[in-house]
Amino acid sequence: MIVWIILFPLIGAAINGLLFTSGLYKKYGGDEHTEHSASGIIASGAVLLSAILSTYYFIQLLSMDASQRQIIQELFVWIPSGDFTVSFEFMFDSLSSIMALVITWIGFLIHIYSTGYMHHDKGYAKYFTYLNIFVFFMLILVLGNNFPLMFVGWEGVGLASFLLIGFWYQDNEKAYAGRKAFIVNRIGDFGFILGIFLIFYIFDSVNYQEVFGKALDPTYMEAVPAAVITTIGLLLFVGAVGKSAQFPLYVWLPDAMAGPTPVSALIHAATMVTAGAYMMARCNVFYSQSPTAQMIVVSIAAFTAILAASIALTQNDIKKVLAYSTVSQLGYMFMAIGVGAYAAGLFHLVTHAFFKALLFLGSGSVIHAMSDEQDIRKMGGLRKKIPITAITFLIGTFAIAGLPFLSGFFSKDEILAALYDRGYMFHWIVALITVVLTALYMLRLYLLTFEGKSRVPESIKRYVHESPYSMTIPLMVLAVLSILGGYVGVPDFMGKAIGIEHSNYFEHYVSASIYLDTAVEYGHHFFGHWALAGFSVGCAALGMFIAFYLYYIKPSSSENVAKEFGPLYKASYNKWYVDELYDYIFVKPFAYISGVFSKFDLGFIDGAVNGVAAVLKDTALTLQTVQTGVIRNYAMLMAVGAAVILTIVILYQGF
């Protein structure tokens, strides 16, 4: 029963919400210690059950023929309307199975980690309730078998992110970050839902099999203009730009660091930001038939990748560096999808989930040890104090930098090769430069945090200690995955070198869900795959050498570099003033317009309504003086009234 993969987290959220978050347990004599233990076990256990069930169905898929790898479960007809119906049904295929495994297993590790990280938080049970809700909606998104169901999950993760990013809502800045994420995502969602409407209008269905079946039928597509397919692809991409933080809608993601660190790991590694990449890979038939949409996607993705990497170079908040790193790595995924290398994009999504979850949870361990300090300028020399965190963080650093034989190397190399092979030379060069920057800012982050002379304030130094096992064990598991996780997708040309004919198992497995791949290799190539891999490794090595020289061998030179490139350094440090630009173009004008309409509303509309009420009130007050209760007064008024009426009648009739 596929639906149970989704229901377990919902049940966990319901139990925690109704029993603990509501205060019912304490009302009937329960103590806080038991509540903490129970809510953590329930939430983690619920996700573990989903992970085990996902693994069971994944094994079942592996035993099937590649063309038959699809399990569909229909629960009921959701929207019956004449000939048009939408079923509440779920699909477990090669694409959704990969996502389900990532969401549930990485999510489970993050839940376990959270039991230690959030141990002293007053909102412990509420936190796990929200965390389960997040996983529940993300599973709906990836396992739904039609666009409306995907949209339910799409909006659900938006709601869950709002709740979790603004979890400490008593702090205005954190509450603002939650609202910012919610509002920016609504812009992308508007494009996504327009895309769904256009799909329905063109294909008369919103079910995956029917829509993609018609999109693959040349006879049906003869009547559909190419511009319409491009429009569908771009509208869906607008949704992905918001959810997966691409330029220009990436601004919410760095601010999402306001939430608890495990939430950052969940959003950045396993759930929300990957939704856009998954959705576009699922809709590959549209992108494969629209070179225009592909060019726009890959161009925006390349710009996003290098822009975010350039900002990460100068940030001093340990989580902010990782946040911009996520935006940059998402750019790699979208570059792959943009050139039609869908499997390569998804492979990087998976390896990125391993090492980015590791890095975020590692940063949480550092913050935990440093009594909530996040500024890397106040760290240094932490390796001796927190060795497990340091070693695992270094593994994550090497993996994301793309050093050979680690998971990030294999997935990034696939993307770089796809860009080059398919003729996107300019984008390939941009991606290579981004590799240099990635290696540079990540090793800078590691060196300033864990190596060199300690800059930890004396008031904190004595309390620095390694995290408990509930936090370090997930780090070690993710470190192993960051090392070995890439071996399921070793490029075929590397496999052949050691006698393995088809070594890219990941691509072969996922290809069953890639309905249409029209990408072809472009022209004559100067470089072979080994040379391309050499370029990638060389760029990573160059970035790491620069970082090692500037921040370890000769630390004083980094200050000289900052002075030498003063304006550029300042612009990068200030995030290229994109937030200020948003503030100037959107926030302030809207605030001004809102102020004008507010004055109009309060002064004119409310004034008119209140004025009428005031006149009536004054009239009533005046007339009430007539009600004296003295009969002779009433008789006199009646006589006066009768005389006035009689006079008017006489004058009007001309008597």
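In which helix is the place of I103? This predicted model puts I103 in helix α4, and the legends below begin with an overview before turning to that residue and other sites.

**Figure 1. Overview of the predicted model, a protein with 29 helices and two strands.** The protein has 655 residues, of which buried residues make up 53%. Along the principal axes, its C-alpha atoms fill a box of roughly 125 × 75 × 60 Å. Among contacts in the protein with a separation of 6 or more, 79% join residues 24 or more positions apart.

**Figure 2. Surroundings of I103 in helix α4.** I103 has a relative accessibility of 0% and therefore counts as buried, the cut-off for that class being under 20% relative accessible area. When neighbours within four places in sequence are left aside, I103 is in contact with V135, M138, L139, V142, A270 and T271. S50 is 53 residues away from I103 in sequence, yet the C-alpha atoms of the two residues are 9.5 Å apart in space.

**Figure 3. Packing of helix α1 (residues 3-21) with helix α3 (residues 32-63).** The two axes come within 8 Å and cross at roughly 170°. Angles over 145 degrees count as roughly antiparallel, and α1 and α3 are therefore roughly antiparallel to each other. On the α1 side, the contact comprises W4, I5, F8, P9, G12, I15, N16 and F20. Their partners in α3 are E35, A38, S39, I42, A43, A46, L49, S50, L53, S54 and Y57. By residue class, the contact of α1 with α3 contains 13 nonpolar, five polar and one charged.

**Figure 4. Packing of helix α18 (residues 387-401) with α20.** The axes of α18 and α20 are 9 Å apart, and the packing angle is about 170°. This angle makes α18 roughly antiparallel to α20. From α18, the residues that make the contact are T389, A390, F393, L394, T397, I400 and A401. From α20, they are V435, T438, A439, M442, L443, L445, Y446 and F450. The residues of this contact of α18 with α20 comprise 12 nonpolar, three polar and no charged.

**Figure 5. The largest pocket, with about 850 Å³ of space.** Its lining has 28 residues, and those closest to the centre are L313, R444, Y551, S558 and Y569. Two or more lining residues are given by each of α20 (425-450), α25 (529-553), α26 (556-564) and α27 (566-573). Which element gives the most to the lining of the largest pocket? That element is α26, with five residues. The lining of the largest pocket divides into 15 nonpolar, seven polar and six charged residues.

**Figure 6. The second largest pocket, with about 700 Å³ of space.** Of the 28 residues that line the second largest pocket, W168, K174, A258, K319 and Q374 lie nearest its centre. At least two lining residues come from each of α4 (94-117), α7 (172-203), α11, α16 (318-338) and α17 (342-369). The largest share of this lining, four residues, is supplied by α7. The lining of the second largest pocket has 10 nonpolar, nine polar and nine charged residues.

**Figure 7. The largest cavity, with a volume of about 50 Å³.** A search of the whole structure finds one cavity of 30 Å³ or more. The residues that line the largest cavity are Y250, V251, P254, D255, Y324, K575, V578 and D579. Helices α11 (252-255) and α28 (578-623) each supply at least two residues of this lining. By class, the lining of the largest cavity comprises five nonpolar, no polar and three charged residues.

**Figure 8. Backbone geometry at P248, in the loop between α10 (226-243) and α11.** The peptide bond that runs from F247 to P248 is cis. Its omega is near 5°.

**Figure 9. Positive phi values at D372 and F405.** Phi of D372, a residue other than glycine, is near 75°. D372 is located in the loop between α17 and α18 and, because its relative accessibility is 61%, counts as exposed. Phi of F405, also a residue other than glycine, is near 75°. The loop between α18 and α19 (407-421) holds F405, which is exposed with a relative accessible area of 55%.

Definitions and conventions: Residues are numbered from 1 along each chain as its sequence is written. This is a predicted model: local features need pLDDT of at least 70, side-chain atom pairs count only at pLDDT 80 or more; totals for chains, interfaces and linings use all residues. Side-chain values use heavy atoms; hydrogens and water are left out. Axes are lines fitted to C-alpha atoms, for helices over the stretch in contact, and angles run from 0 to 180 degrees between N-to-C directions. Angles under 35 degrees count as roughly parallel, over 145 as roughly antiparallel, 65 to 115 as roughly perpendicular and the rest as oblique. Contact means heavy atoms within 4.5 Å. Ala, Val, Leu, Ile, Met, Phe, Trp, Tyr, Cys and Pro count as nonpolar, Asp, Glu, Lys and Arg as charged, and the others, Gly among them, as polar. On a 1 Å grid over the protein atoms alone, a cavity is a set of points where a 1.4 Å probe fits but cannot get out, and a pocket is an open set with protein on both sides within 12 Å along at least five of seven lines; lining residues have an atom within 4 Å of a point. Grid points are joined across faces, edges and corners, and a volume is the space filled by probe spheres set on the points. Buried means under 20% relative accessible area, exposed over 50%, partly exposed in between (1.4 Å probe, protein chains only).
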